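Trainee: I would like a close look at one part of this model, with the rest of the chain brought in where it helps. Please take it slowly.

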Amino acid sequence: MSNRKARSFLTVIIIMAFVALFLRFAIVQIIQWRIDQNEAAAQESLKLVSTSLELYAKDHMGSYPQSLHSLVQSTPAYINPEYIAESSKRRGYAFSCARLEQASYSCSESPAACGLTGKKIFTVTTGGSMIIEECSKDE
């Protein structure tokens, strides 16, 4: 009788180990899928900001706005206000424009938690050039 209980206990332990292993791989895949979605959204958001800045410059004799709010306050607006909300965290990324001058700009999207919400920092500069860098967990 105790031999049968020992086998049953061993079977339960083995099944639990397989379930734990399966869950580990499933969670890793879910996190990676979410990171991929966050990174795609961050890139698209920056492309939209860049296009808006370039259109503004085209309409204003090559001069970029001194503030992103100029893109929203124009009639019609060049961009939806939610795309330029400084320091807001959308889909795991934080938006900022470190440089916005009459002749140039540099805006970026950085992961809120490197490795968890994203693995790359995206920066768009004058002319729509996209720079992609790996983030470090120290940031």
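Trainee: Is Met61 buried or exposed?

Mentor: Met61 is exposed, with a relative accessible area of 82%. The cut-off for calling a residue exposed is over 50%, so Met61 falls in that class. Keep in mind that this is a predicted model.

Next comes the place of the residue. Met61 sits in the loop that joins α1, residues 2–59, to α2. Its backbone has a positive phi, near 50°, in a residue that is not glycine. Most residues other than glycine have a negative phi, and most peptide bonds are trans. The second half of that rule has a counterpart further along. The peptide bond from Thr75 to Pro76 is cis, and its omega is near -5°. Pro76 belongs to the loop between α2 (69–73) and β1 (89–90).

To place these loops, consider the whole chain. The chain has two helices and five strands, and along the sequence they come in the order α-α-β-β-β-β-β. The radius of gyration is 24 Å, well over the 14 Å that the globule rule gives for 139 residues, so the chain is more spread out than a compact globule. Along the principal axes, the C-alpha atoms fill a box of roughly 90 × 30 × 20 Å. Of the 139 residues, 28% are buried. The chain exposes about 9,100 Å², and carbon and sulfur atoms supply 60% of that area. Among contacts with a separation of 6 or more, 42% are between residues 24 or more positions apart.

Now go back to the helix before Met61. Glu44 and Lys47 both lie in helix α1, three residues apart, which is about one turn of the helix. They form a salt bridge, with 3.7 Å between the closest N and O atoms. A search of the whole structure finds one salt bridge. Glu44 is partly exposed at 49% relative accessible area, and Lys47 is partly exposed at 42%.

A nonpolar surface patch of about 680 Å² is also found, made by Ile15, Val19, Phe22, Leu23, Ile27, Ile31 and Leu116. Leu116 comes from the loop between β3 (105–111) and β4 (120–125). Leu116 is exposed, with a relative accessible area of 56%.

What about the residue that follows in that loop? Thr117 is also placed between β3 and β4, but Thr117 is buried, with a relative accessible area of 18%. The limit for buried is under 20%, so Thr117 qualifies. The side chain of Thr117 reaches the backbone oxygen of Gly92 at 2.9 Å. Leaving out residues up to four places away in sequence, Thr117 touches Ile35, Asn38, Gly92, Tyr93, Pro111 and Ala112.

Strand β4 follows this loop, and Val124 lies in that strand. Val124 counts as buried, at 1% relative accessibility. Outside the four nearest places in sequence on either side, the residues that Val124 touches are Leu46, Ser50, Tyr105, Ser106, Cys107, Ser129 and Met130. From Val124 to Glu101 the C-alpha distance is 14 Å, with their positions 23 residues apart in sequence.

One more loop residue leads back towards the start. Ala103 lies in the loop between β2 (93–100) and β3. Ala103 is exposed, with a relative accessible area of 60%. When neighbours within four places are set aside, Ala103 is in contact with Tyr64 and Thr126. Ala103 and Ser45 are 58 residues apart along the chain, and their C-alpha atoms are separated by 22 Å.

To return to your question, Met61 is an exposed residue in the loop between α1 and α2, and its phi is positive.

Technical notes
Residues are numbered from 1 along each chain as its sequence is written. This is a predicted model: local features need pLDDT of at least 70, side-chain atom pairs count only at pLDDT 80 or more; totals for chains, interfaces and linings use all residues. Side-chain values use heavy atoms; hydrogens and water are left out. Patches are made of residues with over 30% relative accessible area and no salt bridge: like charges are joined within 9 Å, nonpolar side chains (Val, Leu, Ile, Met, Phe, Trp, Tyr) within 5 Å. Accessible areas come from the Shrake-Rupley method with a 1.4 Å probe; for residues, only the protein chains shown count as cover. A salt bridge is a side-chain nitrogen of Lys or Arg within 4 Å of a carboxyl oxygen of Asp or Glu. Helices (H or I, at least four residues) and strands (E, at least two) are DSSP runs, numbered from the N terminus. Buried means under 20% relative accessible area, exposed over 50%, partly exposed in between (1.4 Å probe, protein chains only). The radius of gyration is taken over C-alpha atoms; the globule rule is 2.2 Å times the number of residues to the power 0.38. Contact means heavy atoms within 4.5 Å. A polar contact is a pair of N or O atoms within 3.5 Å; within protein, one must be able to donate a hydrogen and the other to accept it, and residues adjacent in sequence count only if both atoms are side-chain atoms.
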